Amino acid sequence: MTSTPHGRIRGVYVIVDPAACRLRPEDVARAALDGRASVIQWRDKRRDKGDQLADAQAIAGLCHDHDALFIVNDHADLAIAAGADGVHLGQHDLPIDAVRSIVGERMIVGVSTNNVDEARAAASRGADYVAVGAIFSTASKDATRPASLERLREIRASVRVPVVAIGGINASNIASVVESGADAAAVISAVCGAGDPGAAVRALASAFTT
């Protein structure tokens, strides 16, 4: 865990969702980390939290072995129980100050946003990073609000915290996301749905080094 997370929210940010994985979630995470993923987020919308804990703990251990960050989606209590580095919140999850009262100041808190007003509000309330999307069309999440590369550039210019682009990002379009100012690119199907998640992450990570 780190008290200065800003510099570590960068590169390929893989969201491991069991519903999207071709392989076991733990195997996807291990391969993604071997492929140079910087952040793994655990997201399971189907199972109860108690049924998720063993998977989350296993992936947390892998992340810490690889000096990568482990983030849990939605659930502050699961994040604490799993030994995560942070928790990621949607617009309709608990507010940041309530989550801080649960997880403390050292845990990273990220927030999903769609526009400049939401991003500025999240940053002003203490978010360590903001996610912006959906940049491109995606089938990985229902009822997403569309954003754009231009929206991404506007938000990058409006906040001082790291900006994570999300939504339909893959090897064919990630360069445009990086060029638009994203510090990190969050992906689900491009890695979880790949036969070789490690190779998929390496291809995506190259956009951040060229």
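Biologist: Which residue of β7 stands opposite V132?
Modeller: This is a predicted model. V132 belongs to the pairing of strand β6 (residues 129-132) with strand β7 (residues 163-166), which run parallel and are joined by three bridges. The residue opposite V132 in β7 is A165.

Biologist: Which residue of β8 stands opposite V164?
Modeller: β7 also pairs with strand β8 (residues 184-187), in the parallel sense and over three bridges. Opposite V164 in β8 stands A184.

Biologist: What is the hand of the β-α-β unit made by β7, helix α7 and β8?
Modeller: β7 and β8 are parallel. Helix α7 covers residues 174-179 and makes a β-α-β unit with these strands. The hand of that unit is right-handed.

Biologist: In what order do the eight strands close into a barrel?
Modeller: The pairing around the barrel is parallel. From one strand to the next the twist averages 25°. The order is β1-β2-β3-β4-β5-β6-β7-β8.

Biologist: What is the bridge partner of Y13 in β2?
Modeller: Strand β1 (residues 11-16) and strand β2 (residues 39-42) run parallel, joined by four bridges. In β2, the partner of Y13 is V39.

Biologist: At about what angle does helix α4 run to β5?
Modeller: Helix α4 (residues 96-103) lies across two strands, β4 (86-89) and β5 (108-113). Its angle to β5 is about 155°.

Biologist: How far apart are the end C-alpha atoms of helix α2, and what span should its 17 residues have?
Modeller: Helix α2 covers residues 49-65, and at 1.5 Å a residue its expected span is 24 Å. A kink of about 25° is found in α2, centred on D55. The end C-alpha atoms agree with the expected span, being apart by 24 Å.

Biologist: Which elements do the buried residues of α2 pack against?
Modeller: The buried residues of α2 are Q52, A56, I59, A60, L62 and C63. They pack against β1, α1 (25-34), β2, β3 (69-73) and α3 (76-82).

Biologist: Is Q57 buried, partly exposed or exposed?
Modeller: Q57 lies in helix α2. Its relative accessibility is 39%, and buried would need under 20%, exposed over 50%. Q57 therefore counts as partly exposed.

Biologist: Which residues is Q57 in contact with, leaving aside its neighbours within four places in sequence?
Modeller: Q57 and A79 are 22 residues apart in sequence, yet their C-alpha atoms are 9.1 Å apart in space. With those sequence neighbours set aside, the contacts of Q57 are A81 and A82.

Note on methods. Residues numbered from 1 in each chain as written. Predicted model: local features only at pLDDT ≥ 70, side-chain atom pairs only at ≥ 80, totals over all residues. Heavy atoms only, no water. Pairing = 2+ DSSP bridges. Right-handed = clockwise from strand over helix to strand, strands pointing away. Axes fitted to C-alpha atoms, helices over the stretch in contact; angles between N-to-C directions. Contact = heavy atoms within 4.5 Å. Expected span 1.5 Å × (residues − 1). Bend = angle between axes of the 7 residues up to and from the residue. Buried < 20%, exposed > 50% of the residue type's maximum accessible area, 1.4 Å probe, protein only.
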